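User: I'm new to reading protein structures, and I'd like a close look at just one part: the surroundings of the ligands. Could you walk me through it step by step, in plain words?

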Amino acid sequence: MSANCIFCKIVKGDIPAKIVHQDEDCIVFQDINPSAPVHLLMIPRHHVVSMQEVGAEDHGWLGRMMAKVPAIALENGCNPGPNGGFRIVTNSGHDGGQEVHHLHFHILGGKRPWKGSMAAIA
Ligand code: 5GP
Ligand code: ZN
């Protein structure tokens, strides 16, 4: 845990979030400023700054998290099949445009066009 990290505070329950999934590795909640009809944030329970900090020793929890994305996306409104789908985005570091420095995966879906920065690379 990192004392001043807003996402650690969400993990601890110190600030509210619309949590849609939680397990031993991660929690998933709705982005406060959605860029798409479905805009979730998936974060590890423990404090990891970004993908810049990740190495081979992290394959367990990181792999389990990624493997859960399709089901969580479908359960939360992403459309099924090849005409549906979703986008996973993770911004890392200053050059990556990261604003919250606790690793998070944006899960974006729903009918396009989307708005905001996550749509800029659409
Ligand atoms: P980044 O730019 O770091 O990749 O994305 C940070 C994301 O966190 C943004 O999409 C922003 O809307 C979201 N966010 C920032 N603060 C909060 C918060 O307190 N609650 C929730 N649910 N989302 C937040
Ligand atoms: Zn944190």
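Analyst: Happy to! One term first: a helix here is a DSSP run of H or I with at least four residues, a strand is a DSSP run of E with at least two, and both are numbered from the N terminus. With those labels we can place residues; for example, Proline 113 sits in the segment after β5. The peptide bond between arginine 112 and proline 113 is cis, with omega about 10 degrees. Please keep in mind that this is a predicted model.

Now to the metal. Four residues coordinate the zinc ion (ligand 2): Cys5 and Cys8 each through SG, and His47 and His102 each through ND1, at 2.0 to 2.3 Å. How are these donors arranged around the zinc ion (ligand 2)? The angles that the four donor atoms subtend are 105 to 116 degrees, and therefore the arrangement is tetrahedral. To earn that label, all angles must lie between 85 and 135 degrees. As a yardstick, the ideal angle for four tetrahedral donors is 109.5 degrees.

Next, look along the chain. The donor residues of the zinc ion (ligand 2) follow the spacing C-x2-C-x38-H-x54-H. Cysteine 5 belongs to the segment before α1 (6-12), while histidine 47 belongs to the loop between β3 (38-44) and α2 (59-75), so this pair ties together parts that are 42 residues apart in sequence. Their exposure can be compared with two cut-offs: under 20% relative accessible area is buried, and over 50% is exposed. Cysteine 5 has 7%, so it is buried. Histidine 47 has 25%, so it is partly exposed.

Let's stay with histidine 47 a moment. Not counting residues up to four places away in sequence, histidine 47 touches Met1, Ser2, Cys5, Cys8, His101 and His102. Methionine 1 is 46 residues from histidine 47 in sequence, yet their C-alpha atoms are 5.2 Å apart in space. The side chains of histidine 47 and histidine 102 also share a polar contact of 3.4 Å.

From histidine 102 we can step over to histidine 104. A polar atom of the histidine 104 side chain lies 2.7 Å from the backbone oxygen of histidine 102. Histidine 104 is in the loop between β4 (86-89) and β5 (105-109). Is histidine 104 buried or exposed? Its relative accessible area is 6%, so histidine 104 is buried. Leaving out neighbours within four places in sequence, the residues in contact with histidine 104 are Phe7, Leu41, Met42, Ile43, Val89, Thr90 and Gln98.

Histidine 104 also leads us to the other ligand. There are 16 residues around ligand 1, and those that come nearest are Asp31, Asn91, Glu99, His104 and His106. Several polar atoms of the protein sit beside this ligand. A polar backbone atom of glutamine 30 is 2.9 Å from a nitrogen atom of ligand 1. An N or O atom in the asparagine 91 side chain is 2.8 Å from an oxygen atom of ligand 1, and a polar backbone atom of glutamate 99 is 2.7 Å from an oxygen atom of ligand 1. On its own, ligand 1 would expose 530 Å², and the protein buries 84% of that.

For contrast, try isoleucine 32, in the loop between β2 (26-30) and β3. Its relative accessibility is 85%, so isoleucine 32 counts as exposed.

Terms used
Residues numbered from 1 in each chain as written. Chains lettered and ligands numbered in written order. Predicted model: local features only at pLDDT ≥ 70, side-chain atom pairs only at ≥ 80, totals over all residues. Heavy atoms only, no water. Donors = N, O, S within 2.8 Å, 3.2 Å for Na, K, Ca; no water. Tetrahedral: all angles 85-135°; square planar, octahedral: opposite > 155°, others 65-115°. Buried < 20%, exposed > 50% of the residue type's maximum accessible area, 1.4 Å probe, protein only. Near = heavy atom within 4 Å. Polar contact = N/O pair within 3.5 Å; in protein donor to acceptor, adjacent residues only side chain to side chain. Areas by Shrake-Rupley, 256 points an atom, 1.4 Å probe, with all protein chains shown as cover. Contact = heavy atoms within 4.5 Å.
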